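Work through the exercises below with the sequence and the structure at hand. Try each task before reading its solution.

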Protein chains: 2
Amino acid sequence: MVKKSLQHAAAELYAAATAFIRIYQFRDRDQALRFGLTVVQAYTLDILLTAGGVGLTGLAQALRLDKSTTSRVVSGMTRRGLVEWSRPEHDRRAKEILASREGKRRYVRLRRAIVEDNARLLASYSPAARQAAITILWQLAARAAGSSQS
Amino acid sequence: MVKKSLQHAAAELYAAATAFIRIYQFRDRDQALRFGLTVVQAYTLDILLTAGGVGLTGLAQALRLDKSTTSRVVSGMTRRGLVEWSRPEHDRRAKEILASREGKRRYVRLRRAIVEDNARLLASYSPAARQAAITILWQLAARAAGSSQS
DNA sequence: ATTGATTAGTTGTCATTAGCAACTATCTTA
DNA sequence: TAAGATAGTTGCTAATGACAACTAATCAAT
């Protein structure tokens, strides 16, 4: 009955992951709005702060959005003072996009707020259980990333 | 150093959950599109199939969307034959929204495809590890739901 | 029973999100 | 240097999402 229990576990994982994702998404969206950011803007800032300067095409790939959509997202964020960009000397078609001071400020605050929520969530776990939860999420993410490689 | 390790775990959870959610969201979106559904439509069908008939206001709450947006989502899905609705006798303002045969068919297929992905993901885990992953996701979801109760 | 308040959905308006296709400008390479 | 590839932008269309204003039906209170 190994097959059957695997199928069952896979269905359970579907339900659990769906519930988990919905709740986290809504929570994160609410928090982002509180800091004057949309989900896409927060995600963009996360990428920019992790990667340093990024071009529009690279940003589009990281966001999994069309270049055109990404272009408009960047326009909006520039208008709102969340990002800045310049033309690199070696390629004057390209954009070098960076988080602005304000963008960074908001993202850092947002991240801090979410981490605090997480701390409340984990408070009653033992350190070992905390670590187990984190490890499992990383593993599942890594495996899903590996299998859905486009 | 208990406080510090909690903070550290909370930050780790942020990173892990973000990675997990992004990858699953994209995977699910791609799968949904393959079956001719958007994410919102799949979510709607899930709610309708779980709850039976639902009114628009209830659906909007479950989707966490504005009534107006929900109304238009239902219009689109009706146009595409994914849902059907009727006026209940006891309240002729209301809508009783149900998944259509076609909507149900597509959702079931989508779900099956995602569960199969999940089975591949879990295949190399021991049964105990599978159960642990599922339990942790449920727990984190339940806790987050409890703390973010609006 | 009639009026007033509440509730269920819809529609108008606006901004954003999203993708495809067509476009300009700038490199790269043959 | 001409042809092709690449970086971004803009036009178009549809969907998403929210707020406010609206119609229609039900409920409550006299």
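**Exercise 1: the surface near DNA strand D**

Task: Find which residues come nearest to DNA strand D, and describe the surface around it.

Solution. The model is a predicted one. Step one is to list the surroundings: 23 residues lie around DNA strand D, and those that come nearest are A:G55, A:L56, A:S68, A:S71 and B:S68. Step two is to assign the surface to elements. Two or more residues come from each of α3 (56-63) and α4 (67-79) of chain A, and from α4 (67-79) of chain B. Step three is to sort by class: nine residues of this surface are charged, eight are polar and six are nonpolar.

**Exercise 2: the contact between chains A and B**

Task: State how many residues each chain gives to the contact, and describe the side of chain B.

Solution. Begin with the count: chain A contributes 46 residues and chain B contributes 45 residues. On the side of chain B that touches chain A, at least two residues each come from α1 (2-34), α5 (101-122) and α6 (127-147) of chain B. The element that gives the most is α1(B), with 19 residues. By class, this side of chain B has 31 nonpolar, six polar and eight charged residues.

**Exercise 3: the relation between the copies**

Task: What rotation and shift superpose chain B on chain A?

Solution. The rotation is 180° and the shift along its axis is 0.0 Å, with an RMSD of 0.0 Å. Therefore the relation is that of a two-fold axis. Next, locate the axis from chain B: the C-alpha of B:I21 is the nearest in that chain, at 3.0 Å from the axis. Last, compare the contact residues: 100% of those of chain B recur in chain A, so the same surface serves both copies.

Notes
Residues numbered from 1 in each chain as written. Chains lettered and ligands numbered in written order. Predicted model: local features only at pLDDT ≥ 70, side-chain atom pairs only at ≥ 80, totals over all residues. Near = placed C-beta within 6 Å. Helix = DSSP H or I, 4+ residues; strand = E, 2+ residues; numbered from the N terminus. Nonpolar A, V, L, I, M, F, W, Y, C, P; charged D, E, K, R; others polar. Contact = placed C-beta atoms within 7 Å. Least-squares fit on C-alpha atoms with pLDDT ≥ 70 in both.
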